[in-house]
Structure formats: C-alpha cells, structure tokens
Amino acid sequence: MRKFLRGIKALQLCRETRLFDCTNRGQQKLGMAFVFPRTNPPVLPHEALEKYRRDDAKLKANLTVGTYWNEREKLHAFETAREARRIVHSRVHCHNYPHQGGNEDFRRLVTEFVLGKGHPALGRSSSFQSLGAGGALSIVGHLLSKYMACDTIFLSSPHWPTYAKIFPLAGVTNIGHYRYLKNGAFDLDGMLEDLLALDCRSAVLLQVCCHNPTGCDPTIEDWKKIVAIVQEKKHRVILDAAYHGYVSGDPFADLEPVRIFVDAGLDVLLCQSFSKNLTMYSDRIGSLTVVASDTEALQAIEAAVFTIVYHSYVAPPRDPALIIATILGDTQLRDLWFEELRQASDRLQKNRRRLYDALMRELPSERWERILHQKGLYCSVDVDLNDVQKLQERYSVYILANGRINLSGLNEGNISHAARALAGVVSEI
Ligand SMILES: Cc1ncc(COP(=O)(O)O)c(C=O)c1O
C-alpha cells in the first residue's frame, strides 16, 4: 500500500513539475507557466509521402513533396553539392560564430550570381545568408512589419500555402491576393488589373519561375508589363526564386525576371533557395539579395537585417554557405552544376510530354493542354479534394490537395498508371 501511495505521489510531482501543459485543466489546477491552446500541427506534404511509403500497392506514384526524385524513385543528390561538400570538409576552418549576414565570399558570389558580373547595380546590392528561401521570407516579413510599418502582403491566388503562415508569424498579419490563374493558364490581365487596383506601395510577393503550385509562369514580355505597373504604383516587390534552373537548365537565365526589375531601376528583395536546385534541402541554405536605390539605403537595410538575424537566432550556420561559395567560385563546379540542372530540366520536360501523351491516350481532352505550357518541377490539374482522395485510395497515386503534381515522381514504371488514374477520376460524373 505504501509503495502504491509513493507511486501516486511521484506521479503528481511529475505532473506538477511538467514544463508544458496543453490543457485548461492543467492551467486552472496547477497554475502552469506554459499553457498552450491545442492547435492542429501544420499539414506537411511529408505526411502524404509517409502514407505513400506505407502503401504496398504494386503500382503507385509519389507526386507530392517538392523535391527532385530520379527515375529510380530515389531522392536525387547532385554530384556538384557532394563534391563541394567534400572540399569544404577537407579544409580547416575557424570555429568562431559566423557573421549575422553569413560568409563574406558567399555573400559576394551570390550577388554576382543573381545580377551577373559587372552589373551596374552591384555597388548598391548585397546578399545575406538565410535558412533557405523560407528563412529569407521570414526576414523580409520582419523587415516589412518592424521597419516599414507594413502589415499586409499580397500573394498570388493560388499560392504556396506556407507564405500565409510565415508572414503573419513575422508580423505581416494581413494576407491579400491578386489573380494569377484562369482556366489553368497564367492570367496576365487579371493580375495586372489587381496590381493596378492596389494602394500605392503595397507589398506584393511574386514568384520568379516554376510557380508553386500552378507551374504557370509569366513570359519575359509579361514580366515587362508587370514591372511597368509595379513602377507606376511604387509597389514593394518581394521576389521568391525557389526553383531556378528547373525551367531552362540554366539557373542564371531563369533569374532573368529579377534583372528586369533591377534594370528598370526598382528596389528588389529577392528570397532565393539552394534547396531544390542543388538538392541541399537539409542544409537549409538560401539567401536574401537586396538591391537598394543607393548605398545609404543599402547600409540601412543591412543594419536592419543584421539586427533581425541576431535577435532571432544570432547567426546562420557556416558550412552550407561555404559549399555554395565553393560552387559559385569554381568554374568547373559551376559548369557541373549547370549540366546537372540541364539534365534534370530535360527529364522534367520529357515527363511533362509523356504525361500529356498518356492522358490523351486515356481520355482525349483539351483539359490536358495546360500541362504542356506549364514550367519546371510542377504541373497542376483541375481536380477537387474528392478526386485527390480517390486517386490515393483507388490508384495509390499521391498528389497534393490543390492539384499540384511533382513531375519528377513520374517514371517509365508509373507514368501510364498515373495517367489512367487521373483520367479515371476526372471522367467520373
Ligand atoms: C515557392 C517556394 N518558396 C520558398 C520555398 C522554401 O524553400 P527553402 O527550402 O529554401 O526554404 C519553397 C519550398 O518548397 C517554395 O516552394
């Protein structure tokens, strides 16, 4: 009996000293310091991936998470990143804290990579290391809310859902939208009309290429029209480049829209990812490139970024930046990188065509035409949540709830099955 009571006492003690308690009961009864309302955890595409892995169907397709899969359904690893990592790890480095802005070589080389060597705006531009493009977007959110008193940002409709979480957490609490998609294609007129109707100096986020989730990109001519309206309305444009290289195979060429803004004399905040185009997802490496109106404005924004980083997580990690700097600073590695991206983008283009052809064989329809015009890692199809569930349950074909398909998940073995599944669900009444 005594032993039993001792057990109860120990249990109570353990409850009372628990640091986090998520129930109101705990709050009322124990006066806990940390009490959280119960909320749902974010729905990550990784959950669909886990479900896919557990699915023992013989014919199945994983077209969900935005990573590059190879023909053998393996998460592809670029040789360029592997070799640069080997070089970095073979050198001895200082172990002191990195600077808030990140590695100096990384910063200089990234700015040159974005604008091109000798670009006239280099003197009023600067890049900062970030925890992927996601980290750069968060820094921009803090810049907007804390330094520019800006609490609203306009996103494309549809958009990458995480934007609508990152910005409010950084203090940009209102999310607005501009039109982006019409009948499965880029809606230039709708977008221009909406950008024109916004208040002057609105913060607007634009994806540079391989639009996530639609795969629909503006043409260079379209970008010039967008830039003209941004200029007229003095909008604060935030550019996000997460997939450059997957359109043309040349990441510098895919960044051309950025330079259209810069060459028009506009200030630019570019959030850039190296997660996808170097398959360095777990390194959490990206950058924020700022092109300011002059050096004085640049210094002010530099100080703000350093403060945000220092007050958020002190400093970024060292090695991922050294890996990127090694690649950008070495002609051979850079060529290898471009060659690997060219092969990946060729394969995506081939898969796009193969999917279209297979769909047309299953269910000839104009509705598939859009797939051919979309760009990069994704294509999007017009399906609803019900269709997406049927695709999973009946065919073991996994796509995102918004109809986004990761084309790299298609291969010789599953492409006909995926097409049959898609045609099957959309043809049901
Ligand atoms: C459009 C877009 N922007 C930004 C990101 C974030 O990329 P990173 O992994 O570099 O944080 C993603 C990731 O999926 C994305 O799709």
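Start with the shell around the ligand: helix α6, residues 132-147, gives the largest share of it, 3 residues. Helices here are DSSP runs of H or I, at least four residues, strands are runs of E, at least two, and both are numbered from the N terminus.

A word on the source. This is a predicted model, where local features need pLDDT of at least 70, side-chain atom pairs count only at pLDDT 80 or more, and totals for chains, interfaces and linings use all residues. Residues are numbered from 1 along each chain as its sequence is written.

Back to the ligand. Among the residues that surround the ligand are Gly 132, Ala 133, Gly 134, Trp 160, Asp 240 and Ser 273. Being near means a C-beta atom, placed from the backbone, within 6 Å. What is the split of the shell into nonpolar, polar and charged? It is 3 nonpolar, 8 polar and 1 charged. Ala, Val, Leu, Ile, Met, Phe, Trp, Tyr, Cys and Pro count as nonpolar, Asp, Glu, Lys and Arg as charged, the others, Gly among them, as polar.

Now the sheet. It is open, with 7 strands in the order β4-β12-β11-β10-β9-β5-β6, and the pairing is mixed. Two strands pair if DSSP finds at least two bridges between them. β4 (125-130) and β6 (174-179) are the edges; each has a single partner strand, so one side of each has no neighbour in the sheet.

Look at one pair. β10, residues 236-241, and β11, residues 268-273, run parallel, joined by 4 bridges. Asp 240 faces Cys 271 in β11. That same Asp 240 is one of the residues around the ligand.
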